[in-house]
Amino acid sequence: MISKRLVRQFGAALAIGAALWLQTSSAAQAADERPNFLIIMADDLGYSDVGAYGGEIDTPNIDRLAAGGLQFTNFYNSSRCSPSRANLLTGRYAHRVGMGENGGSMSLEIRTLAEELRDAHYRTAMVGKWHLTRATPLQDPAEHLKWINHQAYFDRDFGDRNTYPAARGFETHYGLVWGVSSYFDPFSLVEGFEPVKTVPKDFYLTDALSDRAVREIEKFGKDDQPFLLYLAYTAPHWPLHAPESAIAKYRGRYDGGWQQLQDARYAKQVKLGLIDPKTAPKTPLSGDWEQHPEKPWDQLSAEERAQQGEKMAIHAAMIDIMDQGIGRVIEALQRTGEYDNTVIVFVADNGASPETMLGSGYQPGYDRQSETRDGRKMNYGAHQPNLGSETSMAGIGAFWANAANTPWRYWKAEAYDGGIHTPALISWPKGMKRKAGTRVDTLGHLMDIAPTFYELANVKPQTSGQPPIDGVSLAPVLAGKQISRGKPLFFEHEGSRAVIDGDWKLVARAPGPKSKVYAPWSLYNLKQDRSETRDVIAKEKKRAAELIKMWNAWSTEVKARQRSEP
């Protein structure tokens, strides 16, 4: 006979089980209503390359995100591929997570956005460029070239698998482990942990990433759980690769040179109301990139001008193809009924790049091929008869990069705004409380995205054993409220450095890759001189000293590599 005590215990157990079931069911129902997240990151995109920010390149799908969401005009990154991606995925300064400089592995002790959301019952996927795993070159240079040329070592891992996206919170990853590769036959392409050994003859990386993102959305659309999809394009990072049909659309548009391009983009930005010429004067274009200075347009031969015009046409084609892919991704969200409750963020990792693939630092080796898979030589020279093709290795160079970053000065890897000021768009039809198309001048940074998502998803990230989250949530901004960071923004990458505090920006250029001495500081009043043209450090010595003290304290705290003052 069963005792009454056992009956009572059994009944109590049933009651507890029912309560737990109801609690779980309620949590699942709540989770169903939480937004999806789609992060789209462009690579080496100029600030004004997008139509909504003053560009002439056809970007209707990105522009629709701006028209239907919020367009940020005061948003920052960390001027280089790896640090910016670390900001995005951790909500922290890159130095705190082992990524102060390019090319290392992000600390395994630091929780990623994907890990936090996965543990909060989000589905997660990544498509595209990772660049947070330390590369593992072969010691023998000749054998290493065979590897990156797709001629040997097809099963070799591209780094420590524990640092791959598939080990850092993403259920799936299709894309590059390293930071740069051919668009027609990419190196370090993986499916999860496994190398992708061959690609079809008509393969083009940007299209492959877009198509994979569409399939991930279609898969998620069959599930009740919300999702995080991180779509990290490589476009328009060098090498300048695009199908001929895409290049032909833009051929001839840039034959007037970089000054003509800057003039047109600046005029459009003024017309759109993005800038005020009184407080953001046009900056002189510069070609003084230390590793390979360039000649001004009026000193180029007709042949050199034609080559330069072709370079920018390919750059534009690469962005156009990316935008078309983004259009297909948005259509997939709409088709699956996920669009209205998906927070879409579009950003870039840094400004347009001055790199040209000329000089001793840009020869075959490390992540740069010497040949194609079938043995055709890669062309690294100044004269490129086959620009845009699989055998061409070229970048747009400093003058075009400077013009692409209009109205800002300089380019990638600098702490001037040409390096760190990114286009930033946020769209969320169901949850946005502000008028569509609103421009937002709130100071923001890539490291704000993670805490924003945590708040919107009602997730409390782990704090035990973790460094502080440096970003701030932008959720109030989406709700129509004003926020104040309450603290300065700091920057440092390989010696370039800056601090933004209110209307003031203290900044110094990168000193050169081998220099042990910083470049000198300059000081700008951003309220009066948004484009950083008038250095007032000599007149504002006391203010400069305060900002220098703040930057020094921060750089010590986050363990940035120290150099000597000039």
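Trainee: In this predicted model, which helices do the buried residues of α8 pack against?

Mentor: The buried residues of α8 include W258, L261 and Y266. Seen down the axis of α8, its buried residues fall within an arc of 125 degrees, so they line one face of the helix. The helices that these buried residues pack against are α9 (302–335) and α10 (398–404).

Trainee: What distance separates the end C-alpha atoms of helix α8?

Mentor: Helix α8 covers residues 258–272, which is 15 residues. At 1.5 Å a residue, the helix should span 21 Å. The end C-alpha atoms agree with that expectation, being 21 Å apart.

Trainee: Which residue of α8 forms a salt bridge with K282?

Mentor: K282 lies in the loop between α8 and α9, and its partner lies in helix α8, so the pair ties together parts that are 19 residues apart in sequence. The closest N and O atoms of the two are 2.8 Å apart. K282 counts as partly exposed, at 37% relative accessibility. The partner is likewise partly exposed, with a relative accessible area of 32%, and is D263.

Trainee: How many residues apart in sequence are the parts that R96 and E557 tie together?

Mentor: The side chains of R96 and E557 meet in a salt bridge, at 2.9 Å from N to O. R96 lies in the loop between α3 (81–90) and α4 (113–119), whereas E557 belongs to helix α14 (residues 541–557). The pair therefore ties together parts whose separation in sequence, in residues, is 461.

Trainee: Is the pair of Y47 and Y53 stacked or edge-to-face?

Mentor: The ring centres of Y47 and Y53 are 5.0 Å apart, and their planes stand at 65 degrees. Planes over 60 degrees apart count as edge-to-face. The angle of this pair therefore makes it edge-to-face.

Trainee: Are Y410 and W411 buried or exposed?

Mentor: These two residues form an aromatic pair, 5.4 Å centre to centre with 75 degrees between the planes. The limit for a buried residue is a relative accessible area under 20%. Y410 has 9% and W411 has 1%. Both therefore count as buried.

Trainee: Which residue lies over the face of Y518?

Mentor: Y518 belongs to one aromatic cluster with Y93, F490, W521, W551 and W554. The residue over its face is at 3.9 Å from the ring centre, and is R497.

Definitions and conventions
Residues numbered from 1 in each chain as written. Predicted model: local features only at pLDDT ≥ 70, side-chain atom pairs only at ≥ 80, totals over all residues. Heavy atoms only, no water. Helix = DSSP H or I, 4+ residues; strand = E, 2+ residues; numbered from the N terminus. Expected span 1.5 Å × (residues − 1). Buried < 20%, exposed > 50% of the residue type's maximum accessible area, 1.4 Å probe, protein only. Arc of directions from axis to C-beta. Contact = heavy atoms within 4.5 Å. Phe/Tyr/Trp six-rings, centres within 6.5 Å; stacked < 30°, edge-to-face > 60°. Lys NZ or Arg CZ within 6 Å of the ring centre and 35° of its normal. Salt bridge = Lys/Arg side-chain N within 4 Å of Asp/Glu carboxyl O.
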